[in-house]
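Here is a short tour for anyone meeting this structure for the first time. Take a look at the model, then read on for some of the contacts worth finding in it.

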Amino acid sequence: MVSLPLIDRASADGVTFVLSPGRGEMASPGGYEMAVLPAAPRIPERALQPGEQYRFHFDMTKCIGCKCCVVACNEQNGNPPQINWRRVGEIEGGFYPDTKRFYLSMGCNHCLEPSCLLGCPVDAYKKDPLTGIVQHSPDACIGCQYCTWNCSYGVPQYNPERGVVGKCDMCYGRLSNGREPACVNACPEGAIRIEIVDSEEWRREYAANANAPGLPSADDSLSTTRLTLPEKLPSDTKKADFWRVRPEHPHWPLVVMTVLTQLSVGAFAAIWLFELLGASARLSIAALGSLTVGVLALGASTMHLGRPIHAYRALRMWKRSWLSREVLMFGCFSGAAALYAGSLSMGFPLAWVLGALTILLGAAGVTASACIYLVGARPAWNSKHTVAEFFLTGVLLGPLFAASIGVGTSRLLTLISLGAASAQLLNQAGKFLRLTASDSFELQASAKLLSTVLRSPFLARAALLVAGGIALPLLASGRRGLIAAFLSALAGEILGRYLFYVSVVPKNIASPYLSGQKEAA
Ligand code: SF4
Ligand code: SF4
Ligand code: SF4
């Protein structure tokens, strides 16, 4: 009997080779010919029953990292090379000379509770009730990228050329016609298959075994993908590029939008306070200035959308999406602020009522803004420090803006800015301590970014905050000093918001699955 490694490998994949004495002209006397029996099916051979859905099964023991699945997926979906709806990551562990390397191929996990779907402001996602496949509609998508922050596996990917996000739909069309998804079909090792899972059974198993090897962590979106891990996987197994963390995208339109909306809300609060205290000088000018800043901020936010012409659709899911609520609240805030500014100019006696409404709507808008970032997939954002940072930006910049226009007494405004700047400094220090003290890789990696590649802007942000919020308001006198303080504090908050976006380290596709050495259930 002849032993050939490739035949052994194919046999492990379910392909049976039968070696028998040769026949015919080409066969050498005493030679062999091969008869190939059909491979095990890679998609289910029966229809789904109620309560069941399709899922991927990935067998890490079979994958050789050839990336045929990635190429096939890109070809099937017409994606450019830099966008991969299926990705293959390298996994390694152990100590020399006993080291191991494996590969992890992942598309969408077609989760039972898809977090991508929950935040979308235009309802572009749908979990198909018949197959359980999570589908995305590029026609409905406005390219806000919120779903890319919400998925713990980094699955939805933004395509700047199309201005929309896209993701794996398990080749829904092919599957409907009884054909394997492109990745499943292309895999030479049979490492990817589609199988049927009973949703409730999987949910129960999940509740009992979440965080176990081969299963993602309990705080994610109930991924349905099943993994078979190799035996004796080294306990320190992790992504090969685990320690390579890079700054994320800065999202400049959002830096401008969030800082300026918070400034505008804070400025209206300062104006309203001085109106109640009986001041009248330059109130209407400051209100018009604050309104202009708020409107500019909302305009800047549309530049973040891949399809800004469809920005109005973002209001659609206000019952569910914080992004829709943010748009709604800031839209109402702008309307109320315009009415308040108008009534201040005309000396309307009940202007303060409109002022109170403006502040309430603005505060609701800032709250909605902050809640957008409270997502489990980006741990550095997901804390009360984010909410505090957003409100303190408004409390710091708003009064300084009003003061630099000449509203009220600079003494009171100086006290407010001192308090806000000190609180912001403490908030940033508390956030950094939380990052460094955490056991979580993502939080530690954020701290590492801030103390290495981002150290200079991190220190400059603190210096500008101290200068604009504490030193200049205390030391400088007159309008010029207040303007300098405002500009310094504004630069500090813009730099701080830039750091907020670039220093976050998202959860990656592999880490939730690799917490031990056993095979997944
Ligand atoms: S893996 Fe991400 S994109 Fe896919 S269904 Fe789950 S949450 Fe949505
Ligand atoms: S509209 Fe935004 S959240 Fe919805 S799918 Fe498109 S990019 Fe994702
Ligand atoms: S095609 Fe198969 S063997 Fe190759 S990387 Fe993808 S899953 Fe692994």
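Let's start with a bit of vocabulary: a residue is called buried when its relative accessible area is under 20%, exposed when it is over 50%, and partly exposed in between. One more thing to keep in mind is that this is a predicted model.

## Strand 4 and its partners

A good place to begin is strand 4, which covers residues 87–95 and pairs with strand 5, residues 98–106. The two run in the antiparallel sense, with nine bridges between them. Getting from strand 4 to strand 5 takes a hairpin of two residues. If you want one spot to check by eye, look for G94, which sits opposite T99 of strand 5.

Strand 4 has another partner too: strand 12, made of residues 238–239. This pairing is again antiparallel, over two bridges. Here E92 faces K238 of strand 12. E92 also has a salt bridge to R101, with 2.7 Å from N to O. Is E92 buried, exposed or partly exposed? Its relative accessibility is 29%, so E92 counts as partly exposed. R101 falls into that class because its value is 43%.

## Salt bridges elsewhere

How many salt bridges does a search of the whole structure find? The search turns up eleven. As a bit of background, side chains of opposite charge can pair when their charged atoms come close.

One of these bridges joins D123 and R320, at 3.1 Å from N to O. D123 is in the loop between helix 3 (115–119) and strand 6 (125–127), while R320 is in the loop between helix 9 (283–302) and helix 10 (322–345), so this contact ties together parts 197 residues apart in sequence. D123 counts as partly exposed because its relative accessibility is 29%, and R320 counts as partly exposed because its value is 30%.

Now try E493 and R461, whose side chains meet in a salt bridge of 3.0 Å, N to O. That pair links distant parts of the chain: E493 belongs to helix 16 and R461 to helix 15 (residues 455–475), 32 residues apart. Both E493 and R461 are buried. There is also a network of salt bridges that links R55, E195 and R226.

## Rings around W381

Next come the aromatic side chains. The structure has 18 aromatic pairs. In one of them, W381 and F500 are stacked, with 5.2 Å from centre to centre and 10° between the planes. Since W381 lies in the loop between helix 11 and helix 12 (384–405) and F500 in helix 16 (residues 478–502), the pair ties together parts that are 119 residues apart in sequence. W381 and F500 are both buried.

W381 also pairs with Y501. The ring centres of W381 and Y501 are 5.9 Å apart and the planes sit at 85°, so this pair is edge-to-face. With W381 in that loop between helix 11 and helix 12 and Y501 in helix 16, the contact ties together parts 120 residues apart in sequence. Y501, like W381, is buried. Zoom out a little and you'll find a cluster linked by ring pairs, with Y146, W149, Y373, W381, F390, F500 and Y501 as its members.

## Arginines over rings

Two arginines are worth a look for where they sit. R55, which is part of the salt-bridge network with E195 and R226, lies over the face of W202, 4.4 Å from the ring centre. R325 lies over the face of W322, also at 4.4 Å from the ring centre.

## A nonpolar patch and a buried valine

On the surface, L276, F348, L350, W352 and V353 make up a nonpolar patch of about 470 Å². V353 is in helix 11, which covers residues 351–372. With a relative accessibility of 39%, V353 counts as partly exposed.

For another valine, turn to V184 in helix 6, residues 182–186. Is V184 buried or exposed? V184 has a relative accessible area of 0%, so V184 is buried. The C-alpha atoms of V184 and C73 are separated by 9.4 Å, and these residues are 111 apart along the chain.

How values were computed
Residues numbered from 1 in each chain as written. Chains lettered and ligands numbered in written order. Predicted model: local features only at pLDDT ≥ 70, side-chain atom pairs only at ≥ 80, totals over all residues. Heavy atoms only, no water. Patch = residues over 30% accessible without salt bridge, like charges linked within 9 Å, V, L, I, M, F, W, Y side chains within 5 Å. Areas by Shrake-Rupley, 256 points an atom, 1.4 Å probe, with all protein chains shown as cover. Salt bridge = Lys/Arg side-chain N within 4 Å of Asp/Glu carboxyl O. Helix = DSSP H or I, 4+ residues; strand = E, 2+ residues; numbered from the N terminus. Buried < 20%, exposed > 50% of the residue type's maximum accessible area, 1.4 Å probe, protein only. Pairing = 2+ DSSP bridges. Phe/Tyr/Trp six-rings, centres within 6.5 Å; stacked < 30°, edge-to-face > 60°. Lys NZ or Arg CZ within 6 Å of the ring centre and 35° of its normal.
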